[in-house]
Amino acid sequence: MSIKPIPRPVATASRPSIVQLVLKERADLYVAYIPLFKEGGIFISTNRDYKLGEDVYMLLTLPEETQRHPVTGKVAWITPAHAAANQTQGIGVKFPADEKSQMLKARIEEILGANLVSSRPTNTI
């Protein structure tokens, strides 16, 4: 009688998805920025399936800039397809609590200026 070992799944570290997000206009930044997160965050319109807490590596280009800001954030909320009030399907990605992200948040808020307190609808909460 021969005994065969049972194959066991090999644990692999999941790699974060990579998203290039180019926000050409301030209005695009306004509807995507998430000021409710302490560290800041960004909404990404996508129909790809994500899980809460999943890492997302972003190359974020802000309006009137050519520099791409690399950020590895975490999915903090998901807006599913066919959400109430015709919300755009996508994910809210929270920036990490690091110095680079604090500088990015400050730059975004500088670009948005007084628009931060606007009552216009956004893709966020």
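Let's start with a word that comes up a lot here: two residues are in contact when heavy atoms of theirs lie within 4.5 Å. Take the contacts in the protein chain with a separation of 6 or more, and 65% of them turn out to join residues 24 or more positions apart.

Before going further, a note on what you're looking at. This is a predicted model, where local features need pLDDT of at least 70, side-chain atom pairs count only at pLDDT 80 or more, and totals for chains, interfaces and linings use all residues. Residues are numbered from 1 along each chain as its sequence is written, and side-chain values use heavy atoms, with hydrogens and water left out.

Now for the overall layout. The protein chain has 2 helices and 5 strands; these are DSSP runs numbered from the N terminus, with helices being H or I of at least four residues and strands being E of at least two. Walk along the sequence and you meet them in the pattern β-α-β-β-β-β-α. Of the 125 residues in the protein chain, 37% are buried. Here buried means under 20% relative accessible area, exposed means over 50%, and partly exposed is in between, using a 1.4 Å probe and protein chains only.

The strands come together in a sheet. In general, strands of a sheet pair through backbone hydrogen bonds, either parallel or antiparallel. For our purposes, two strands pair if DSSP finds at least two bridges between them. The 5 strands form an open sheet in the order β1-β3-β4-β5-β2, with mixed pairing. At the edges sit β1 (17–22) and β2, each of which pairs on one side only. Neighbouring strands of this sheet are turned by 40° against each other on average, direction ignored. Angles like this one come from axes, which are lines fitted to C-alpha atoms (for helices over the stretch in contact), and they run from 0 to 180 degrees between N-to-C directions. Helix α2 (residues 99–112) packs on the sheet and touches β3 and β4, with its direction making about 80° with that of β4.

Strand β5 (residues 90–94) is a good place to linger. It is mostly covered, with 4 of its 5 residues buried. On one hand, β5 runs antiparallel to β2 (residues 41–45), and 5 bridges join the two. On the other, β4 and β5 pair in the antiparallel sense over 5 bridges. You can pick out individual partners, too: G90 in β5 has S45 opposite, and T79 also stands opposite G90. I78, meanwhile, has I91 of β5 as its bridge partner.

What about the inside? A nonpolar core is a set of buried Ala, Val, Leu, Ile, Met, Phe, Trp, Tyr and Cys residues joined through side-chain atoms within 4.5 Å. The largest one has 23 residues, and those with the most contacts inside it are L29, I42, I44, V56 and I108. Two or more residues come from each of β1, α1 (26–32), β2, β3, β4, β5 and α2. The biggest giver is α2, with 4 residues.

Aromatic side chains have their own story. Rings of Phe, Tyr and Trp (its six-membered ring) pair if their centres lie within 6.5 Å; planes under 30 degrees apart count as stacked, over 60 as edge-to-face and the rest as tilted. The structure holds 2 aromatic pairs, and ring pairs link F37, F43 and W77 into a cluster. Elsewhere, R48 lies over the face of Y50, at 4.4 Å from the ring centre. A charge sits over a ring if NZ of Lys or CZ of Arg is within 6 Å of the ring centre and within 35 degrees of the ring normal.

Let's finish with a few single residues. T61 is in strand β3 and counts as buried because its relative accessibility is 7%. Leaving out residues up to four places away in sequence, T61 touches L21, V22, L23, T66, Q67 and R68. T46 lies in the loop between β2 and β3, yet at 18% relative accessibility T46 counts as buried. With the neighbours up to four places away again not counted, T46 touches Q89, G90 and I91.

Other loop residues are out in the open. E64, in the loop between β3 (55–61) and β4 (68–79), counts as exposed because its relative accessibility is 71%. Phi of E64 is near 60°, a positive value in a residue other than glycine. A97, in the loop between β5 and α2, is exposed too, with a relative accessible area of 67%. The C-alpha atoms of A97 and G73 are separated by 9.4 Å, and these residues are 24 apart along the chain.
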